[in-house]
Amino acid sequence: PLFRSGRGYGHAALSLRHILSADRWVELNGSSGEGFRFGGQLFANVTRHIHASAGLSLFNTVYGLSPLFTANVSRRLDDNLTGQLTLRTGIQSSLRSALIRETPSHRVAFVFQLGLQQSFIQATYVYRFRDDDSTNVVVSGKVGTMSMQINCGVEKQITKISRLGMTMSVGIPDGVVLKLKLTRASQELRIPIHLSNEILPDALLYGSVVPVAVFWLAKYFIIDPFVKRKSEQDRVERQQAAAGEAERLRAEA
């Protein structure tokens, strides 16, 4: 949940990855939010089409520190199809299987999980516009023993290294939630905005039409002029560098 007794919460995470070889890496990570978690993960390419990972972490609960072990095996079935199997042990024990099909314009994923705390079925569809591959439309649905959720969102590349995403999430028991995500290079900022505990038409309107209108206004008046000025500045710098190089060659001749 994004709230508890009318109060929201935040989450911060930090990870450090070390490349062991072309086929292996190890990672240490920690996070703090509702509780503290610390652990590590090892990844390796087993064969050309199979890779595996295993991780162990400790997190605090009301009963003290609790371990969580995760193991994942992924196999490429053909050029566009991948299968995954994930096992988790501990108080969040579960067995998850996934089937993912990806092409230049589409991505379809089916996930099925059996778990002690929650079992669910989830389907996700991503469409990439062929005339503008920087824009993605994402639709997903999830039905489980403890929740039901439908998500619909758009991701747009706003600069060479920045992406902006907006997702409307409607479900039970979270209600209506607008999720904003800004990705810049390897940094990611997520802002969930809880609009309503129940599924109300007003919340759906404010969470869909208003953010899209604000985004296009910002894109037209702020983002596009900034990108245009940056492109013009880069062009002038390239011209100056080329002119300086030509002048140096003439002087040497």
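Arg-17 counts as partly exposed because its relative accessibility is 47%; the class lies between buried, under 20% relative accessible area, and exposed, over 50% (1.4 Å probe, protein chains only). The model is predicted: local features need pLDDT of at least 70, side-chain atom pairs count only at pLDDT 80 or more, and totals for chains, interfaces and linings use all residues. Numbering starts from 1 along each chain as its sequence is written, and side-chain values use heavy atoms, with hydrogens and water left out.

**Salt bridges**

The structure holds eight salt bridges, each a side-chain nitrogen of Lys or Arg within 4 Å of a carboxyl oxygen of Asp or Glu. One of them pairs Arg-17 with Glu-27, with 3.0 Å between the closest N and O atoms. Arg-17 sits in strand β3 (residues 12-19) and Glu-27 in strand β4 (residues 24-32), so the bridge ties together parts that are ten residues apart in sequence. Strands (E, at least two residues) and helices (H or I, at least four) are DSSP runs, numbered from the N terminus. Glu-27 is buried, at 10% relative accessible area.

Three of the bridges are listed here.

| Salt bridge | Closest N to O distance |
|---|---|
| Glu-27 with Arg-17 | 3.0 Å |
| Arg-190 with Glu-188 | 2.6 Å |
| Glu-247 with Arg-250 | 2.5 Å |

Arg-190 is exposed at 56% relative accessibility. Its partner Glu-188 is partly exposed at 46%. Glu-247 and Arg-250 are three residues apart in helix α1, which means that about one helical turn separates them. Glu-247 is partly exposed at 44%, while Arg-250 is exposed at 54%. Elsewhere, Glu-102, Arg-107 and Arg-128 are joined into one network by salt bridges that share partners.

**Nonpolar patch**

What is the accessible area of the nonpolar surface patch? Together its residues have about 840 Å², by the Shrake-Rupley method with a 1.4 Å probe; for residues, only the protein chains shown count as cover. Patch residues have over 30% relative accessible area and no salt bridge; nonpolar side chains (Val, Leu, Ile, Met, Phe, Trp, Tyr) are joined within 5 Å, like charges within 9 Å. Members include Leu-182, Ile-193, Tyr-206 and Val-214. Strand β16 (187-196) and helix α1 (201-252) each supply at least two residues. Helix α1 gives the most, with five. Ile-193 belongs to β16 and is partly exposed at 33% relative accessibility.

**A buried strand residue**

Val-177 lies in strand β15 (residues 175-184). Is Val-177 buried or exposed? At 2% relative accessibility, Val-177 is buried. Ile-199 is 22 residues from Val-177 in sequence, with 9.8 Å between their C-alpha atoms.
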